[in-house]
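Trainee: I should like to examine one side chain and its aromatic surroundings in detail. Please take me through that part of the model.

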Amino acid sequence: MPVTELPAKASRAPVVGSAVAKSQQKGQQTKAAIVDAALGLATQIGLEGLSIGALAEVMRMSKSGVFAHFGSREELQISVIREYHVRFEEEVFFPALQQPRGLPRLAALFHNWMKRTSLEIDSGCLYISGAVEFDDRPGPVRDALAGSVRTWLAAMYRAVVQAKEAGHLRPDADEHQMAFEIHGLILALHYEARFLKTPGSMDRANTGFANILARYGDGAATAASSTPSSASPKKASGKASPSKPV
């Protein structure tokens, strides 16, 4: 065979590679669509209510087709937890980084959290419902859920610490206690608004946050810094994560 014929045969390789890449991309898109549907189900019926069969019916796929993307029901549940965490970061954490460190950022975190909570009063919060389902059930699903919650609470605590370092809180303010009380407001809001349907629950949560700032804040600094500013926000460098200092 003449050497000059070899390049013609070798030129087919990129075509095969392109076909593989398209197949992989399609597989990733299908998996993302399955996770999205699974997240919608989980917020309504809980993580424990998820099943390969129910999801296959929603997606109009075969059970084996859904199973092929995850390998187990447990991996499906963990994938849903990861997706929920990503969306939580995008809606609550990252927008707050546009505010300066201190009370402006802390207030932004809380108000973004409240905005998301107001939507979840109807759909349900995976962090809260998951805690009820897996609080006494050790395993990878519980570990993934607890890890996500700890990451978020660590970010909230860090914002409190930074507010104290900026002089926006009293020198003797207990950062752990303040972060605990802020978290407690959200838990109480879900219980009151979603379970008991108590009118005015959102207003009470906002009042509770204002009371926390009044007790721990440093007077004028608190009043000047407790509301997120819409003018000249501080731009975050890169894409931070709640698990990394910002």
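Trainee: What is the relative accessible area of Tyr-191, and is this residue buried, exposed or partly exposed?

Mentor: Tyr-191 has a relative accessible area of 49%, so it counts as partly exposed (buried is under 20%, exposed over 50%, partly exposed in between; 1.4 Å probe, protein chains only). This is a predicted model, in which local features need pLDDT of at least 70 and side-chain atom pairs pLDDT 80 or more, while totals for chains, interfaces and linings use all residues. Residues are numbered from 1 along each chain, and side-chain values use heavy atoms, without hydrogens or water.

Tyr-191 shares helix H9 with Phe-195, four residues apart, or about one turn of the helix (helices are DSSP runs of H or I, at least four residues, numbered from the N terminus). Phe-195 is exposed, at 57% relative accessible area.

Rings of Phe, Tyr and Trp (its six-membered ring) pair with centres within 6.5 Å: stacked under 30 degrees between planes, edge-to-face over 60, otherwise tilted. Seven aromatic pairs result from this rule. In one of them, Tyr-84 and Tyr-127 meet edge-to-face, 4.9 Å centre to centre with 75° between the planes. Because Tyr-84 belongs to helix H5 (residues 73-96) and Tyr-127 to helix H7 (residues 126-134), this pair ties together parts 43 residues apart in sequence. Tyr-84 is buried, at 1% relative accessible area, and Tyr-127 is also buried, at 8%. As for Tyr-191 and Phe-195, their ring centres are 5.2 Å apart and their planes at 65°, so this pair too is edge-to-face.

Tyr-84 and Tyr-127 further belong to one aromatic cluster with Phe-88, Trp-113 and Trp-152.

Note on methods: Helices (H or I, at least four residues) and strands (E, at least two) are DSSP runs, numbered from the N terminus.
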